[in-house]
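Me: I'd like to go through the charged pairs here and check how each label is earned. Could you walk me through the reasoning?

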Amino acid sequence: MNKKEITRQYITHLENGNIEQVIALFNQNGMVDSPLYGIKKADEFYRELNNDTSNSELYLKGIFEDNDSNDLALYFTYKWTLKNNQKVEFDVVDIIEFDNQNKISKLKIIYDTVTARKLVEQL
């Protein structure tokens, strides 16, 4: 699979709550840098996110690839329903770094956390 196909799988698995399939897209040292959860190993981050989530809807807006690097940017809208049924919606940019086997080595999440942070703190 190429990077764009992997990214589309990532969106589908994340939306469907298929956490093990999301984690499988990362290499064994894969890391996630999240403004809300901090810097964590991918498996730890996605399990924590999944524990806080009752539903996710993701709407892909664009995939931006630099042909001269192993990086890719993913732009989407995230409609997030937390375990306590609070809902928040925001636009997200994920900067994804791939290794030479097309596994994700690092994923940096960028979004405005003003509303989401308050809701997660209430969990």
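Me: Why is K108 called partly exposed?

Reply: In this predicted model, K108 has a relative accessible area of 34%. Partly exposed covers the range between 20% and 50%, so K108 gets that label.

Me: And what makes D33 buried?

Reply: Its relative accessibility is 15%. Buried means under 20%, so D33 qualifies.

Me: How do you know that K108 and D33 form a salt bridge?

Reply: Their side chains meet at 3.2 Å, N to O. The cut-off is within 4 Å, so the pair counts. K108 sits in strand β6 and D33 in strand β1, so the contact ties together parts 75 residues apart in sequence.

Me: Why is the pair of D91 and K61 called a salt bridge?

Reply: Happy to apply that test again! The N to O distance is 3.3 Å, and the limit is 4 Å, so the name fits. Here strand β5 holds D91 and strand β3 holds K61, so parts 30 residues apart in sequence are tied together.

Me: What makes D91 and K61 partly exposed?

Reply: D91 has 36% relative accessibility and K61 has 44%. Both values lie between 20% and 50%, so the label applies to each.

Me: How do you know that R47 forms a salt bridge with E20?

Reply: The closest N and O atoms are 2.7 Å apart, which is within 4 Å, so R47 and E20 pass. R47 lies in helix α3 and E20 in helix α2, so this pair links parts 27 residues apart in sequence.

Methods: Residues are numbered from 1 along each chain as its sequence is written. This is a predicted model: local features need pLDDT of at least 70, side-chain atom pairs count only at pLDDT 80 or more; totals for chains, interfaces and linings use all residues. Side-chain values use heavy atoms; hydrogens and water are left out. Helices (H or I, at least four residues) and strands (E, at least two) are DSSP runs, numbered from the N terminus. Buried means under 20% relative accessible area, exposed over 50%, partly exposed in between (1.4 Å probe, protein chains only).
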